[in-house]
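Welcome, and please open your viewer. Keep the selection tool at hand, and we will walk from stop to stop together.

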Amino acid sequence: MTLYRAQTIDTPHDPFRGGALRADADAGLLVEDGVIVDRDGFARLRSRHPEAEVVELPGGVLLPGLVDTHVHFPQVRVIGALGMPLLEWLERCALPEESRLAEVDYARAVAAEFVGALIGAGTTTALVFGSHFATAVDTLFEAAAASRLRITSGLVVSDRMLREDLHTTAQRGYDEGRALAQRWHGTGHSRYAVTPRFSLSCSDDLLASCGQLHRELPESWFTSHINENLDEVATVGRLFEDGTYLDSYDRHGLVGPRSVLAHNVHPTDAELKRLAEAQTSVAHCPTSNAVLGSGIFPLQRHLVHGVPVALGCDVGAGTGFSLFKEGLQAYMLQRLSGPDGVALTAAHLLHLATAAGAEALGLRDQIGDLSVGKRFDAIWVRPTPGTPLDIGMRHASGPSDALAKVFALGTPHDVARVWIDGAPVEAATAERG
């Protein structure tokens, strides 16, 4: 058994529903076989378990591991391409890079960079857009398994309107997806997600094969994009003619509680109502939305309708792997939304980056906070002495103020240690900023 001593902050109860931040300036967390089996003030817990090995984490703050609900594996090398809307950015920037993953050694190198960057940013669980190439998706699952990262991912499929080398057929997409799922779904921390790129690049036949695979794979997940950009939304409307963007997935059984759709910047009220009925989650990706000029996410409308929302970094349109940055950007965009915005607090941001993501991925009973019974997925944010974050945290007026400074100033450089299932994992080598 290991007894961790630290200042802890988490959100076991949803602050959007009245829950408050939980903070303990001198907490003890007793971890056995990767599970938090007891917690209390450190002195009291130490007296009950004098035999436990003690790990002191002085300064900084211990937070739950971060949960990213939308990030693209093949795009780690194209972060930072500015000045283009979505469809131009895909054509000129993202898709040429994604084609390079046909070569397996190239894909393996990208997978190592990608997984390292996620962990270095403090992300311990992620829903990941895989690659159009099955061999590349294998390299991603291999890299994630080696690091113990909790990953849900799958083969990305399209059969129109992209580069020809990224196209597949309904039968080939089904066969390759099923073979990948047989190798990885339920293996260690890996799970399979059926992943059509978006309705713009997927015919009805291809989406039908996705629906078939999703139905046939027990406990599989579905993820894709929706309502990101007005030109994209209009094109999908012309391609499918009847119904909404959401209908293009729903008619194939792809909208349900094990579904996560990214963006939804321009939803109709009917779509929000249907998402709430199905308890389908939305991955909010604020830096990506800003960089591509997609629009401001209508968080208030999602909350009013009861649609579950979590955070995603959306690398490579997003500007890095840090969910602290995504939380800050979400905060700023809501502030700029005037009366339509949501007055987010530090507690809301932490919840969106941890417990809400765990809920969206069906893992809330295992991760998302630091309660007894949860797996010990955690990060120690310990800034370098003398940095603005260090100064701010040492002079914070309280836990909420200190947490606000983590979101305002924190970067991957400030994530000093990461644990998954109670075991420390190596920090990133690819992204430290």
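Before the first selection, one definition will help: a disulfide is a pair of cysteine sulfur atoms within 2.5 Å. Please also keep in mind that what you see is a predicted model.

**Stop one: the cysteines**

Select Cys 93 and Cys 313. How far is the sulfur of Cys 93 from the closest cysteine sulfur? The distance is 15 Å, and the partner at the other end is Cys 313, so the two are too far apart for a bond. While you are here, look at the surroundings of Cys 93: its relative accessibility is 12%, so this residue counts as buried.

Now move to Cys 210 and add Cys 202 to the selection. The sulfur of Cys 202 is the closest cysteine sulfur to that of Cys 210, but the gap is 6.2 Å, and therefore too far for a bond. Is Cys 210 buried or exposed? With 5% relative accessibility, Cys 210 counts as buried. By the 2.5 Å rule, the count of disulfides comes to 0.

**Stop two: colour by confidence**

Next, colour the chain by pLDDT. The average is 96, and 98% of the residues score at least 70. Then select residues 428-433, where the pLDDT is below 50. In the model this stretch has 18 contacts beyond near neighbours in sequence. Where pLDDT is low, the predicted coordinates should not be read in detail.

**Stop three: a loop between two helices**

Select Thr 244. You will find Thr 244 in the loop that runs between α7 (230-240) and α8 (245-250). Its relative accessibility is 25%, so Thr 244 counts as partly exposed.

Which residues does Thr 244 touch, leaving aside its neighbours within four places in sequence? Show Thr 268 and Glu 271, as both are in contact with Thr 244. Pro 267 is worth adding too: 23 residues separate Pro 267 from Thr 244 along the chain, while their C-alpha atoms are separated by 9.2 Å.

**Stop four: the cavities**

Finally, turn to the inside. The structure holds 3 cavities of 30 Å³ or more, and the largest has a volume of about 110 Å³. To find the largest cavity, select His 72, Leu 86, Trp 89, Leu 90 and His 225, which lie nearest its centre among the 13 lining residues.

Now highlight helix α2 (residues 86-99): this helix gives the largest share of that lining, 3 residues. If you colour the lining of the largest cavity by class, you will see 6 nonpolar, 4 polar and 3 charged residues.

Technical notes:
Residues are numbered from 1 along each chain as its sequence is written. This is a predicted model: local features need pLDDT of at least 70, side-chain atom pairs count only at pLDDT 80 or more; totals for chains, interfaces and linings use all residues. Side-chain values use heavy atoms; hydrogens and water are left out. Buried means under 20% relative accessible area, exposed over 50%, partly exposed in between (1.4 Å probe, protein chains only). pLDDT is the predictor's confidence in each residue, from 0 to 100. Contact means heavy atoms within 4.5 Å. Helices (H or I, at least four residues) and strands (E, at least two) are DSSP runs, numbered from the N terminus. On a 1 Å grid over the protein atoms alone, a cavity is a set of points where a 1.4 Å probe fits but cannot get out, and a pocket is an open set with protein on both sides within 12 Å along at least five of seven lines; lining residues have an atom within 4 Å of a point. Grid points are joined across faces, edges and corners, and a volume is the space filled by probe spheres set on the points. Ala, Val, Leu, Ile, Met, Phe, Trp, Tyr, Cys and Pro count as nonpolar, Asp, Glu, Lys and Arg as charged, and the others, Gly among them, as polar.
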